[in-house]
Amino acid sequence: AGQAATAVGTGPVQAELSRLFCVLLETTLPSQCPDRFLNVLPEQFRRQAQHDAGEFGKFLLDRIETEMRLRQLVKNPLVDIFGGRTTTSVTCRHCEHTSQRQELLLDLTLPFPSGSAELTSFSLEDMLLQYLSPEELCGENQYHCDRCATKRDARRVVEITSPPAHLLLVLGRFYYDRGAQTRRKIVCPVEFPVTL
């Protein structure tokens, strides 16, 4: 287990996480103290406070990817496991010009629909359908069309063009309550199937 922390080609976070996984696999104890792993994390994650799991997951994947890139590892296993591709298309309603942007997908953050703070339950399928539904960009949210050289109404569509082997879903449970001028958490349960 001690050799994992000094493995060639690893950074401090990756090495300590590997060491912790090795200890968890080899131990017969019901729990394990992750102090060594916590000590290589930034201060914000070392404090004894509740943290957003999605934010920590994104940090961890990003840090491991950075450590691997610094050691010039050619193949990133995180992309093989969690990587997919999305294509975002925006079509100007005035000139019909469409611009497209492809992006690497390591996780998918699903927002709750407006007004969902009052709901008693929600389904993951509904959240995915909302995420993938076309969005009208108008009013204060107009799109700057390169061809028209000005802001125009437009339609944006997000497609998962290459799905990942394992899809990480993050539920966007926080929203800004303008009346109370504070962030609030949506606590209604989300129903999800075993397979999508």
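Me: What makes strand E1 and strand E8 count as a pair?

Reply: Two strands pair when at least two bridges are found between them. In this predicted model, 8 bridges join strand E1 (residues 84-92) to strand E8 (residues 154-162), so the pair meets the cut-off of at least two. The two strands run antiparallel. For one bridge to look at, take Ser89, whose partner in E8 is Val157.

Me: Where do E1 and E8 sit in their sheet, and what makes E2 and E5 its edge strands?

Reply: The sheet is open and has 4 strands in the order E2-E1-E8-E5, with antiparallel pairing. Strand E2 (98-105) and strand E5 (135-137) are called edge strands because each pairs on one side only. From one strand to the next, the twist averages 25°.

Me: How do you know that Phe37 is buried?

Reply: Happy to show you! Buried means under 20% relative accessible area. Phe37 has a relative accessible area of 7%, so Phe37 is buried. This residue is found in helix H2.

Me: Which residues does Phe37 contact, leaving aside its neighbours within four places in sequence?

Reply: Phe37 is in contact with Val13, Glu16, Leu17, Leu20, Phe56 and Leu60. Contact means heavy atoms within 4.5 Å. You can also look at the backbone: the C-alpha atoms of Phe37 and Ala15 are separated by 8.6 Å, with their positions 22 residues apart along the chain.

Me: How do you know that helix H1 has close to its expected span?

Reply: Helix H1 (residues 12-26) has 15 residues, and it reaches 21 Å from its first C-alpha to its last. The expected span is 1.5 Å times one less than the number of residues, which comes to 21 Å here, so the two values agree closely.

Me: Which residues of H1 are buried, and what do they pack against?

Reply: Val13, Gln14, Ala15, Glu16, Leu17, Arg19, Leu20 and Val23 are buried in H1. The buried residues of this helix pack against helix H2 (35-39) and helix H4 (53-70). A general point helps when you look along a helix: an α-helix has 3.6 residues a turn, so residues three or four places apart point the same way.

Me: What makes up the largest nonpolar core?

Reply: This core has 13 residues, and Phe37, Leu41, Leu60 and Ile64 touch the most other members. The elements giving two or more residues to this core are H1, H4 and helix H5 (77-82). H4 gives the most, with 5 residues. There is also a second, separate core of 11 residues, which includes Leu108, Leu110, Leu124 and Cys188.

Me: Why is Phe112 called buried?

Reply: Its relative accessibility is 8%, and the cut-off for buried is under 20%, so Phe112 counts as buried. Phe112 is found in the loop between strand E3 (108-111) and strand E4 (122-123).

Me: What does Phe112 touch, not counting residues up to four places away in sequence?

Reply: Phe112 touches Phe122, Met127, Gln130, Leu171, Gly172, Arg173, Ile186, Cys188 and Val190. Phe112 and Leu171 are 59 residues apart in sequence, while their C-alpha atoms are 7.6 Å apart in space.

Me: And how many helices and strands does the chain have?

Reply: The chain comes to 6 helices and 12 strands. Of its 196 residues, 29% are buried. Among contacts between residues at least 6 apart in sequence, 52% join residues at least 24 apart.

Definitions and conventions:
Residues numbered from 1 in each chain as written. Predicted model: local features only at pLDDT ≥ 70, side-chain atom pairs only at ≥ 80, totals over all residues. Heavy atoms only, no water. Axes fitted to C-alpha atoms, helices over the stretch in contact; angles between N-to-C directions. Buried < 20%, exposed > 50% of the residue type's maximum accessible area, 1.4 Å probe, protein only. Core = buried A, V, L, I, M, F, W, Y, C linked by side-chain atoms within 4.5 Å.
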